[in-house]
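Visitor: I am new to this structure and would like a guided look at it. Could you take my questions one at a time?

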Amino acid sequence: MKALVLNALGHGFDVEDVDIAAARGREALVNVQASGLCHTDLLFATHDIAPTPSVLGHEVAGIVAAVGPDVTHARVGDHVVGSLAQSCGACARCLSGRPFQCQHPESTLRRPDEPPRLSRNGRGVFQGFGLGGFAERALIHENQLAVVPKEMPFAQAALLGCGVVTGAGSVLNTANVRAGDSVVIFGAGGVGLNAVSGARIAGASRIIAIDIQQQRLDAARRFGATDVIDSTKSKPVEAVRDLLRSWWLMKDWPCLAWAAASIWSACRNPTSTSV
Ligand SMILES: [Zn+2]
Ligand SMILES: [Zn+2]
């Protein structure tokens, strides 16, 4: 199959023929239909983080073409999205609903003593994040796949694999934003916009997005930001303070006592979270 291979750091990707193994165990062979280019791929392509040669690409959507004998979550013909979160499904964190903190993420990869999933001229090629979406096909453990509705467009579905889970996950799982909270999001790119979505889902009452590009700020409003700040025109910290101060002043007088108590409580027991 054809794949974009990273042969050397800083030299971009080369279109080359790469061999892909047959599905075994809990692996599914996916015919790739769309693959997003994340900044992390570019980081890996220019910094010494992962081995070369490698096939990167961790926002991948496609159609299941074959499954290993132990696969239970997906069937041939299913439309799937790959996830960069590797989880074993059996450790304490996976079983307590935190697969993104799995203690054995390597369990979705082949062991070193097994033949590699990807190879070229008989030598192994590193598969980025256990996905390798910059290729015509990808061989992926079923724990890194989610079946999606067939009416979902592949290009948009692919973004679920990294940008969406990273942005929304940071708000919902790490910052634990709750209904009524105020949230400030620095950067309204692919991840930041999904952080805005996560804050909206969590029920945050104020969602302030900060960026240096107007078109991104416009997108942030469409995603649910209540306020936007262009940090090329104003100092963001002062602007956030001004926004939240004016919000408090708009409150009814009876609420001021509650607000004062809340502020006093917040000062004594800071609960704001930065992610
Ligand atoms: Zn990414
Ligand atoms: Zn686990």
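**A guided tour**

Guide: Gladly, and here is a starting point: among contacts in the protein with a separation of 6 or more, 66% join residues 24 or more positions apart. Please keep in mind that this is a predicted model.

Visitor: How many helices and strands does the protein have?
Guide: The protein has 275 residues, of which 38% count as buried. Its secondary structure comes to eight helices and 15 strands.

Visitor: Where does the largest nonpolar core lie with respect to domain 1 and domain 2?
Guide: This core has 65 residues, and those with the most contacts inside it include Ala28, Val55, Val183 and Val196. Its largest share, five residues, comes from α5. Domain 1 (2-161) and domain 2 (164-266) both contribute residues, so the core lies between them.

Visitor: Which residues does valine 196 touch?
Guide: Valine 196 is one of the buried residues of α5, and it is also among the residues with the most contacts inside the largest nonpolar core. Leaving out residues up to four places away in sequence, valine 196 touches Ile185, Ile207, Ala209, Ala220, Phe223, Gly224 and Ala225.

Visitor: What span should α5 have, and how far apart are its end C-alpha atoms?
Guide: α5 has 13 residues, and at 1.5 Å a residue they should span 18 Å. That agrees with the model, where the end C-alpha atoms are 19 Å apart.

Visitor: What covers the buried residues of α5?
Guide: The buried residues of this helix include Val191, Leu193, Ala195 and Ala199. Just after α5 comes glycine 203, with a positive phi of about 90 degrees. The cover over the buried residues of α5 includes α4, β13, β14 (206-211) and α6 (214-223).

Visitor: And which elements help to cover the buried residues of α4?
Guide: Helix α4 covers residues 163-174 and reaches 15 Å from its first C-alpha to its last, close to the expected 16 Å. Its buried residues are Gly163, Val164, Val165, Thr166, Gly167, Ala168, Ser170 and Val171. What covers them includes β6 (59-67), β13 (182-186) and α5 (190-202).

Visitor: Which residue with a positive phi follows α4?
Guide: The helix itself has 12 residues. Following it, with a positive phi near 50 degrees, is asparagine 176.

Visitor: Does strand β2 lie largely in the open, or is it largely buried?
Guide: Strand β2 runs over residues 13-17 and pairs with strand β1 (residues 2-6) in the antiparallel sense, over five bridges. Of the five residues of β2, the number buried is zero, so the strand lies largely in the open.

Visitor: In the hairpin of β1 and β2, which residue takes a positive phi?
Guide: One bridge in this pairing has leucine 6 facing its partner in β2, phenylalanine 13. The hairpin has six residues between the strands, and the residue with a positive phi, near 80 degrees, is glycine 10.

Visitor: Which strands stand at the edges of the open sheet that includes β8?
Guide: Three strands form this sheet in the order β3-β8-β9, with antiparallel pairing. Each edge strand has a single partner, so one side of each is left without a neighbour in the sheet; these strands are β3 (19-20) and β9.

Visitor: Which residue in β8 stands opposite isoleucine 20?
Guide: β3 and β8 pair in the antiparallel sense over two bridges. Opposite isoleucine 20 in β8 stands leucine 118.

Visitor: Is asparagine 121 buried or exposed?
Guide: Asparagine 121 sits in the loop between β8 (118-120) and β9 (123-124). Although not a glycine, asparagine 121 has a positive phi of about 55 degrees. With 8 C-beta neighbours inside 10 Å, asparagine 121 counts as exposed.

Visitor: And phenylalanine 129, is it buried or exposed?
Guide: Phenylalanine 129 is found in the loop between β10 (126-127) and β11 (137-141). Its phi is positive, about 55 degrees, although it is not a glycine. With 28 C-beta neighbours inside 10 Å, phenylalanine 129 counts as buried.

Visitor: How far is the C-alpha atom of proline 53 from that of arginine 120?
Guide: Proline 53 lies in the loop between α1 (39-46) and β5 (54-55), and the peptide bond from threonine 52 to proline 53 is cis, with omega near -5 degrees. Proline 53 touches residues including Val5, Leu6 and Arg120. Proline 53 and arginine 120 are 67 residues apart along the chain, and their C-alpha atoms are separated by 9.3 Å.

Methods:
Residues are numbered from 1 along each chain as its sequence is written. Chains are lettered from A and ligands numbered from 1 in the order in which they are written. This is a predicted model: local features need pLDDT of at least 70, side-chain atom pairs count only at pLDDT 80 or more; totals for chains, interfaces and linings use all residues. Helices (H or I, at least four residues) and strands (E, at least two) are DSSP runs, numbered from the N terminus. The expected span of a helix is 1.5 Å times one less than its number of residues. A residue is buried if 20 or more other C-beta atoms lie within 10 Å of its own, exposed if 12 or fewer, and partly exposed in between; C-beta atoms are placed from the backbone. Two residues are in contact if their C-beta atoms, placed from the backbone, lie within 7 Å. A nonpolar core is a set of buried Ala, Val, Leu, Ile, Met, Phe, Trp, Tyr and Cys residues joined through C-beta atoms within 7 Å. Domain bounds come from an automatic or database domain assignment. Two strands pair if DSSP finds at least two bridges between them.
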